[in-house]
Amino acid sequence: MRKYTEYTSRALIMSFSRMAANPRTFADAQRMVFSCHKESTAEDKMSFYDSWSELYEQDVMFLDYRAPLLAAESLAAVLNEDRDKALVLDVACGTGLVAVQLQRLGFRNLHGVDGSEGMLELARSKSVYQTLHKCSYDVAVIVGALSEGQVPYTILPELHRVTKPGGFVCMTTRTNTSNQLYKKQLQAVIEKMEQKGLWERVGVQEIEHWEKSTSVHEDEQDSKYISGIIYMYRKSMCQD
């Protein structure tokens, strides 16, 4: 707890310093979100995230981005014991927002991967990830990356592969209008893998207030928020 408190204090100071040096607005965050969902090469995408890394956390604050907290709480709900021993793979970890929430809930062995060195530098500064030389994980979590123009849904078999038998895979995606086709394709892969007996559904949680909408055309029920969904699956014990 002390380490987490010390990190929180340092992170707040760093965050406020960046905000003072680079004051941001909701419109700034809106433009960045539009840009990150544009189709581009993997190299260009990583370059974009490198350039966004210093301002990323400020911008997602404007969006009231709740996915890291909600996904971490969903994992904590199904992994009640030995959280401190569970080895967690955080895919597309960004600046470490998910890991901070997981650590707060008692997870201690966190391994993050991301294609952006700029994002990884900020994640390293939080001291929440550990270098662990293992090839399979008790938990694989991917939050905020499964969506149109981001990580392709074809990554799911790989997430399954690196998870231990009996381990959990936690995935999130947005359910707003512009992401409906991607969500449909993602869900088809999830269900096909379930039908093959590769994993079983633990729970699916639909969230009405996922994050603030960045498009006036996608405000849902005049709430100014878009919706999202959390998929929680458990790898079959018979899998290697």
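**Notebook: sheet, helices and salt bridges**

I began in the middle of the sheet, where Val139 stands opposite Phe168 in β4. The model is a predicted one, in which local features need pLDDT of at least 70 and side-chain atom pairs count only at pLDDT 80 or more, while totals for chains, interfaces and linings use all residues. I number residues from 1 along each chain as its sequence is written, and the side-chain values use heavy atoms, with hydrogens and water left out.

**Sheet**

For the elements I took DSSP runs, helices being H or I of at least four residues and strands E of at least two, numbered from the N terminus; two strands pair if DSSP finds at least two bridges between them. I then read off the strand order of the open sheet, which has six strands arranged β2-β1-β3-β4-β6-β5 with mixed pairing. The edges are held by β2 (109-113) and β5 (199-212), each with a single partner strand, so one side of each is left without a neighbour in the sheet. Neighbouring strands here are turned by 15 degrees against each other on average, direction ignored; axes are lines fitted to C-alpha atoms, for helices over the stretch in contact, and angles run from 0 to 180 degrees between N-to-C directions.

I next followed β4 to its partners. With β3 the strand runs parallel, joined by five bridges, whereas β4 (residues 163-174) and β6 (residues 225-235) pair in the antiparallel sense over seven bridges. On the β6 side I noted two bridge partners, Tyr233 for Val169 and Ile229 for Thr173. I also traced the connection from β3 through helix α7 (residues 156-161) to β4, and recorded a right-handed β-α-β unit, meaning that, with the strands pointing away from the viewer, the path from the first strand over the helix to the second runs clockwise.

How much of β4 is buried (under 20% relative accessible area, with exposed over 50% and partly exposed in between, 1.4 Å probe, protein chains only)? I found that 10 of its 12 residues are buried, so the strand is largely enclosed by the rest of the structure. As one residue of β4 I looked up Thr163, which counts as buried because its relative accessibility is 1%. Leaving aside neighbours within four places in sequence, Thr163 is in contact (heavy atoms within 4.5 Å) with Tyr137, Asp138, Ala140, Phe168, Val169 and Lys235.

**Helices**

I looked at two helices that lie across the sheet. Helix α4 (residues 67-78) lies across β3 (137-142), β4, β5 and β6, at about 30 degrees to β6, and helix α8 (residues 180-195) lies across β4, β5 and β6, at about 15 degrees to β6.

Helix α5 (residues 97-104) is mostly covered, with six of its eight residues buried, namely Val98, Ala99, Val100, Gln101, Leu102 and Gln103. Just after α5, I noted that Gly106 has a positive phi of about 105 degrees.

Helix α3 (residues 42-62) packs against helix α6 (residues 117-125) at an angle of about 30 degrees, and their axes are 7 Å apart. On the α3 side the contact uses Tyr49, Asp50, Ser53, Glu54 and Tyr56, and on the α6 side Glu117, Gly118, Met119 and Leu122. I sorted these contact residues into four nonpolar, two polar and three charged, where Ala, Val, Leu, Ile, Met, Phe, Trp, Tyr, Cys and Pro count as nonpolar, Asp, Glu, Lys and Arg as charged, and the others, Gly among them, as polar.

**Salt bridges**

My rule was a side-chain nitrogen of Lys or Arg within 4 Å of a carboxyl oxygen of Asp or Glu, and by this rule the count comes to six salt bridges.

One of them joins the side chains of Asp28 and Arg31 (2.3 Å, N to O), both in helix α2 (residues 26-36) and three residues apart, about one turn of the helix. Asp28 is buried, at a relative accessible area of 15%, whereas Arg31 is partly exposed, at 48%.

Another is the bridge between Glu57 and Lys126 (2.6 Å, N to O). Glu57 lies in helix α3 and Lys126 in the loop between α6 and β3, so the pair ties together parts that are 69 residues apart in sequence; I found both Glu57 and Lys126 buried.

I also looked up the bridge of Arg124 with Glu117 (2.7 Å, N to O), in which Glu117 is partly exposed, with a relative accessible area of 38%.
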